[in-house]
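User: Hi! I am new to this structure and would like to walk through it with you. Could we look at it together, one question at a time?

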Amino acid sequence: MGSLDLSSGSEVVTIHVNEAKNLLQSGYRYIDVRTVEEFEKGHVEAENILNIPYLFITPEGRVKNPEFLKEVSSLCKEDDRLIVGCQSGVRSLAATADLLKIGFKNVHDMGGGYLAWVENGHPIKMEEPKKVQEPAIVEDKPNEEL
């Protein structure tokens, strides 16, 4: 698809969702950088998937997750084979560039993101809604006088 040249000498390689699907089937790990809410509504079906948001939505707008690189580094090794995806391909491009800058070597950006994945008819998974436990109903009993 394309690439983005970085000052570090590494360049982001953006791959088509069909290639991403093949790589995921061959053992690549998928990092979904969308928000938890987006992820739970539906995500790429992959054997080895992580949801680590790159941006948070706040009242002030989108804010970069200050722990993103630390979280990825704690769960992945620099030589792990990774595919980074988001909703449409914008966040994943920036996240992939950041990962390459800190020394990750085998990282690919999935062009078009989740939307392109769905458009191409690839399998998706929905998270089960979290069940909210209803509080137990305690009946008020009048105090019996002795």
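User: How many Å does α4 reach from its first C-alpha to its last?

Analyst: Happy to start there, and please keep in mind that this is a predicted model. Helix α4 has 12 residues, and at 1.5 Å a residue the expected span is 16 Å. The computed reach is close to that, at 17 Å.

User: What comes after α4, and what is its phi?

Analyst: The residue to look at after α4 is Gly-103. The phi of Gly-103 is positive, near 110°.

User: Which residues of α4 are buried?

Analyst: Buried here means under 20% relative accessible area. In α4 the list mixes polar and nonpolar names: Arg-91, Ser-92, Ala-95, Thr-96, Ala-97, Asp-98, Leu-99 and Leu-100.

User: How many helices and strands are there in the protein chain, and what share of its residues is buried?

Analyst: The protein chain holds 5 helices and 10 strands. Of its 146 residues, the buried ones make up 38%.

User: Which element gives the largest share of the largest nonpolar core?

Analyst: That core has 19 residues, and Ile-31, Val-33, Phe-68 and Val-72 have the most contacts inside it. The elements giving two or more residues are α3 (68–75), β8 (81–85) and α4 (90–101). The largest share, 4 residues, comes from α4.

User: How many residues are in the other core, the one with Trp-117?

Analyst: This core lies apart from the largest one, and its members include Val-17, Ala-20, Leu-23 and Trp-117. Its count of residues is 13.

User: Which way do the residues of strand β3 point, and are they buried or exposed?

Analyst: In a regular strand, side chains alternate between the two faces of the sheet. In β3 (residues 29–32), Arg-29 and Ile-31 point one way, while Tyr-30 and Asp-32 point the other way. As for their surroundings, all of these residues are buried.

User: What is the bridge partner of Ile-31 in β8?

Analyst: Strands β3 and β8 run parallel and are joined by 4 bridges. Ile-31 also has contacts beyond its sequence neighbours, including Leu-50, Val-72, Cys-76 and Val-84. Its bridge partner in β8 is Val-84.

User: Which residue in β5 stands opposite Asp-32?

Analyst: Strand β3 also pairs with β5 (residues 49–51), in the parallel sense and over 3 bridges. Opposite Asp-32 in β5 stands Asn-51.

User: How many residues lie between β6 and β7 in their hairpin?

Analyst: Strand β6 (residues 55–58) and strand β7 (residues 61–64) pair in the antiparallel sense over 4 bridges. Within this pairing, Phe-56 stands opposite Val-63. The number of residues between the two strands of the hairpin is 2.

User: Why does Asn-65 count as buried?

Analyst: Asn-65 is found in the loop between β7 and α3. Leaving out residues up to four places away in sequence, Asn-65 touches Pro-53, Tyr-54, Leu-55, Phe-56 and Glu-71. Its side chain also reaches the backbone nitrogen of Glu-67 at 2.9 Å. Buried means under 20% relative accessible area, so Asn-65 counts as buried because its relative accessibility is 3%.

User: Which residue has the backbone oxygen that the side chain of Asn-106 reaches?

Analyst: Asn-106 is in strand β9 (residues 106–110), and its relative accessibility of 31% makes it partly exposed. Among the residues it touches beyond four places in sequence are Tyr-28, Glu-78 and Asp-80. The C-alpha atoms of Asn-106 and Asp-80 are separated by 6.4 Å, although the two are 26 residues apart along the chain. At 3.1 Å, the backbone oxygen reached by the side chain of Asn-106 belongs to Asp-79.

User: How far apart in space are Leu-115 and Val-44, C-alpha to C-alpha?

Analyst: Leu-115 lies in helix α5 (residues 113–119) and is partly exposed, with a relative accessible area of 41%. Not counting residues up to four places away in sequence, Leu-115 touches Gln-87 and Ser-88. Leu-115 and Val-44 are 71 residues apart in sequence, and their distance in space is 9.9 Å.

User: How many disulfides does the structure hold?

Analyst: Two cysteines to look at are Cys-76, buried with a relative accessible area of 4%, and Cys-86, buried with 1%. The number of disulfides in the structure is 0.

Notes. Residues numbered from 1 in each chain as written. Predicted model: local features only at pLDDT ≥ 70, side-chain atom pairs only at ≥ 80, totals over all residues. Heavy atoms only, no water. Core = buried A, V, L, I, M, F, W, Y, C linked by side-chain atoms within 4.5 Å. Buried < 20%, exposed > 50% of the residue type's maximum accessible area, 1.4 Å probe, protein only. Contact = heavy atoms within 4.5 Å. Disulfide = S-S within 2.5 Å. Pairing = 2+ DSSP bridges. Expected span 1.5 Å × (residues − 1). Polar contact = N/O pair within 3.5 Å; in protein donor to acceptor, adjacent residues only side chain to side chain.
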